[in-house]
Structure formats: C-alpha cells, structure tokens
Amino acid sequence: MSKLIYLDNAATTQVYPEVLDAMLPYFTEHYGNPAAIYSFAGESERAVAKARKQIADVIGAKTEEIYFTGGGSESDNWALKATAEAYSSKGKHIITSAIEHHAILHTAQWLELHGFEVTYVGVDENGKIKLDELEAAIRPDTILISVMAANNEIGTIEPLKEIGAIAKKHGVLFHTDAVQAFAHVPINVDEMNIDMLSASGHKINGPKGIGVMYIRKGVKIRSFIHGGAQERQRRAGTHNVPGIVGIGKAAELAVANMEKNTEYEVKLRDHLIERVLAEIPYTRLNGDRTDRLPNNANFCFRFIEGESMLILLDQAGICGSSGSACTSGSLDPSHVLLAIGLPHEIAHGSLRLTLSEKTTMEDIDYTVDKLKAIIERLRSMSPLYEDFVRKNG
Amino acid sequence: MYSEKVMDHFNNPRNVGEIENPSGVGTVGNAKCGDIMRMYLDIDDNGIIQEAKFKTFGCGAAVATSSMATELVKGKTIQEALQVTNKAVMEALDGLPPVKVHCSLLAEEAIHAALWDYAEKHNIKIEGLERPVNDISEKEEAPEEEY
C-alpha cells in the first residue's frame, strides 16, 4: 500500500525514535537485572529510578507511589481486584461508570461473580458521568469509585476533580483508568484526589507491554502478581528495563510537548469535525464538543454499518476504527455509544478517527474527501437509506 | 480476514439496486444486530428468476453474501433457488470467518423472504418454502465453526 494515513492513535501509537534510542542500550549493553547486587546492574537500577521520576512528575506524585506493570489492563485489574480484596472487611460495593474500558468492566463483572456488588453509573448524552447519580450511589459499604479519565471511544474527558472531591467527602477510594489521558491532558493526583491511576506506555509513543500504576501512600492494596520482591514487594517479576526506560522517556517527551501538540491537534480535529458535519448529511458527533481529547473525533453516519466503512477506508490507505458489532465480534455495538443513548442502528455506523501530531491538514482533507464518497456509496446500497428516502421524498 | 472472493464481491457487488414492480421482495435481519438485507426478484411466467437485485446494510460479509446470493439464484427456477442454502453461499465465497456465518444465513433468508412474497402475491404455494423468519436473531445462533 502506497499511502498510509494512520488515524487510530487511540488504539496504539508509533514509538518515537528518541524513545527507541533511549531503550536500545538496555537490551544489549546494560542488560543487568536491577535487583542484583553487583555494580554492573547499577546502570539498570538507575535507569528504572529515572523513569519512575519521569512518570511521577507527569501526575504530581512521589516516586515511591509509582509501580511498573505489564500494561494498562494489568493496572486496571490490580486496582479493582486488590482493592476488593484489601477492603472487603469495610464493604463489598464498588462504583464505576457504564462507559469504562473492558479492562475495568470485565474485571468488575468478575468481582460480581465473587461476592461484590457493582453500581454502573450512567452518563449524559455527551458521555459525562452523572455526578449526582454517582454521589447517590455511595453507600456505607462502598470501598471504591473507579471512573476513567477520558473515554477511549468518544474522547470525553471526565470531571476527575469533581469525582475526586465526592470520593474524598465520603471517604471512598478513587481509582482512574487514565490510559487515554495520561500525558495527553494535565492530571494532578493531589488536586484531583486520585488514590490510584492506571496508565500505559504504547498510548504515548512508548513501547507496548509496559504500564504504570500510581498508588497513593496509605492505600493498603497488596500484590496482584506474586513472586519476587520487586516494586516494594507489590508487583513481582523482573523489571522490564527497556520498557520502563521507554515509558519514562515517552512520558517526559509527551509532557514537554503537550501544549504544542494539543494546540496543533485541536486545530486539525476541529477542522475534521467541522468538515464532516458540514459536508456529510445525517451525521452526528459523539462525545463532548469541548471536554474531549485533543486528538479524538467520533462520528455516527446514519444508514450505514461501520465495518464496511473501515474496509473501504483501508483501501484508501486510511486506518480508523469503529464501534460496530461486526468489529467487536459480538452482535452488540459499542457499550459506550449505547450508554450515551444512541439506538443500535445508529451506533453500528460509528467511526473513530484519532490523530497524532504527525497528522497533517492534507491528511485530514484527503480523509474527508474519501469518507464522503464511501458514505455515499454505502448509503446507495442501504435498504435503510432507501426506506428513509421513500418516506421523506 | 476475508477470502479474495468475499473481498471481490464486497468491492464489486453484483446486482446492487432495486427492481421496479418486482415479482417478489423480501427484507430480513434487523438493525439491532447491524445487518439488514433486502432482495428483489423478477420471476417470469415459467417460474424462472430473470433478475435478482439487493440492498444491504451491514458488514463486508453481509454485502458479499447478498451479492453472491443474487448471482446464485439468477436464471434458476424457484425450486432450484430454494436449494441455494447458506452453506452454498459460503462455499461459493470460499468460506467466511466464524463470526460472519450468520451473514450467509441472512442471505438464505432473504431469498426465502422474496420467494414468499412472490407466492403470496400470486396466491400460490411453493413446496418446501416456509414462512421466512424476518428477524434472523429469532433463529438459533449460527454454529461457531470455520467453513
């Protein structure tokens, strides 16, 4: 394929060359196990310490509150399962939102099978959690509130500060899955009263297979992966030193360029949104118009189905994603689109395009041009569109 | 994930469109699961299917199975068209991924629904044709195996 326009940065990102350069020596030169006593391992140990500081600085945490994991999903599993285990004497009730990533939702469902009760708080039509519902759901036996920092599909940024204030007021722990938001938008664990936070390397131009968990000092959750004494005896397993160096470097770069990249991506994103809404009829934007990730655009095109659209986009060299059932392998479309109140047939026609700072205005215009033709073509063969046209002349 | 034939029928779907005053037309599937197929048939006085057209809302496999189903019934008698099963459609497409098998069932149902409409309009009974299930999800789940 000659042309490649990668607009699926919410799925994963390209590793920056600077990040790879920082990682490489830790494969071949400084390959020592940081837990070892000899001085040869000292370089690995220092590299891990440096990365821990780089991560801590992103969210205003202390270095001893940062733990390295195998990825965002592991961090989410750890936060929910270990909190459930450690605080079950206080209660067995957990609150989360209806639009969480499956790493949270499926873990919560697993906990329900093991004697815990979970309340899934709804969201408004823009995907923002209903704060009054959240507060009303708190009970004496509630031990944890877990709400994502920003939604992976529709890009809505959740009101973390308000959620944190509610959690604090009621003495409930607050975890946030920040996989999409970490190092993309400002987060401060103290200002937002966050007790635990999950993040991932490959969403910020770092490597795959490395994640982070922030655990506030005083939160008493224990180990989830058992074994050696790494990570203050809370996360066993030999340190993935190259991965740790990579996520640290990626986080440092992301924060240094956050303002510049945000400004750039918002300009492109808004151009994309404006053109699509103006030029393609029967289209809606999903997610909050202003409180949204700088790189996220998510649309529903009526009368068509998402997978067909993705295949045709792919043939034009454009990588996107959809919340249609056909792309998920189930019969139901995205739980996020259903939670914001969309009917099934509209939710099936969704398209998520997530930009990067490498995306150009030319890419966006090319994509919109192709998209217009694709939507037109699919509508021309859609019985739903045929019925609609007949009904409305 | 799709065979070359599926991609060919998705990219160049045969017989897309409508037939004015069709002998029979049937719509199956539902928007809830994300697949709707409408098939139009033009059947001559000798009971031969002269023309078949379709419109489909659905994934790549749904479009390809509709396209192939119209190809397979064209020029056939009603009885022959009834033999165009979901398996026949899948085989003609060199197979479908397991999660897409239901698309081929939908194609079979679309043929049946159009024939049923024809039979009702002409007040005849087609042997071996049962009232089609308009909503494919009312039927049993498709078997989860590779064909």
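**Close-up views of chains A and B**

A297(A) stands opposite L353(A) in β12(A), and this pair of residues opens a set of views of a predicted model.

**View 1. Strand β10 of chain A between its two partner strands.** The pair formed by A297(A) and L353(A) belongs to an antiparallel pairing in which β10(A) and strand β12 (residues 350-354) of chain A are joined over 5 bridges. Strand β9 (residues 283-285) of chain A also pairs with β10(A) in the antiparallel sense, here over 3 bridges, and within this pairing L285(A) stands opposite F299(A). In a regular strand the side chains alternate between the two faces of the sheet. In β10(A), N296(A), N298(A) and C300(A) lie on one side and A297(A), F299(A) and F301(A) on the other, and both faces are covered, these residues all being buried. Because 6 of the 6 residues of β10 (residues 296-301) of chain A are buried, the strand is largely enclosed by the rest of the structure.

**View 2. The open sheet of chain A and its edges.** Seven strands of chain A, in the order β2-β8-β7-β6-β5-β3-β4, make up an open sheet of 7 strands with mixed pairing. At the edges stand β2 and β4 (117-121) of chain A, each with a single partner strand, so one side of each is left without a neighbour in the sheet. From one strand to the next, the twist averages 20 degrees. Helix α3 (residues 42-59) of chain A packs on this sheet, where it touches β2, β7 and β8 of chain A, and the direction of the helix makes about 115 degrees with that of β2(A).

**View 3. Strand β8 of chain A with β2 and β7.** Strand β2 (residues 66-69) of chain A runs antiparallel to β8(A) and is joined to it by 4 bridges; across this pairing, F68(A) stands opposite V212(A) and I66(A) stands opposite Y214(A). Strand β7 (residues 196-200) of chain A likewise pairs with β8(A) in the antiparallel sense, over 5 bridges, and S198(A) of chain A stands opposite M213(A) in β8(A). From β8(A), G211(A), M213(A) and I215(A) point one way, whereas V212(A) and Y214(A) point the other way, and all are buried. With 5 of the 5 residues of β8 (residues 211-215) of chain A buried, the strand is therefore largely enclosed by the rest of the structure.

**View 4. The surroundings of K203 of chain A.** K203(A) is placed in the loop between β7 and β8 of chain A, and an unreviewed UniProt entry annotates this residue as "modified residue: N6-(pyridoxal phosphate)lysine". K203(A) counts as buried because 26 other C-beta atoms lie within 10 Å, where 20 or more are needed for a residue to be called buried. Leaving aside residues up to four places away in sequence, K203(A) touches T12(A), T13(A), V179(A) and Q180(A).

**View 5. The contact between chains A and B, with helix α11 of chain A.** In this view, 20 residues of chain A are in contact with 18 residues of chain B. On the side of chain A that touches chain B, α11, α12 (325-328), α14 (344-347) and α16 (383-392) of chain A each supply at least two residues, and the residues of that side divide into 10 nonpolar, 6 polar and 4 charged. Helix α11 (residues 306-315) of chain A is mostly covered, with 7 of its 10 residues buried; the buried residues of α11(A) are G306(A), E307(A), S308(A), M309(A), L310(A), L312(A) and L313(A). Just after α11(A), G317(A) takes a positive phi of about 85 degrees. On the partner chain, an unreviewed UniProt entry assigns "domain: NIF system FeS cluster assembly NifU N-terminal" to residues 1-123 of chain B; this span is 45% helix and 20% strand, and its end C-alpha atoms lie 44 Å apart.

**View 6. Chain A as the setting of the close-ups.** Chain A has 16 helices and 12 strands. The radius of gyration of chain A is 22 Å, close to the 21 Å that the globule rule gives for 393 residues, so chain A is as compact as a globular protein of that length. Along its principal axes, the C-alpha trace of chain A spans about 75 × 50 × 35 Å, and 53% of the 393 residues of chain A count as buried. Among contacts in chain A between residues at least 6 apart in sequence, 71% join residues at least 24 apart.

Technical notes. Residues numbered from 1 in each chain as written. Chains lettered and ligands numbered in written order. Predicted model: local features only at pLDDT ≥ 70, side-chain atom pairs only at ≥ 80, totals over all residues. Buried ≥ 20, exposed ≤ 12 C-beta atoms within 10 Å, placed from the backbone. Pairing = 2+ DSSP bridges. UniProt positions renumbered as here; feature names shortened; annotations may be inferred. Contact = placed C-beta atoms within 7 Å. Nonpolar A, V, L, I, M, F, W, Y, C, P; charged D, E, K, R; others polar. Axes fitted to C-alpha atoms, helices over the stretch in contact; angles between N-to-C directions. Rg over C-alpha atoms; globule rule 2.2 N^0.38 Å.
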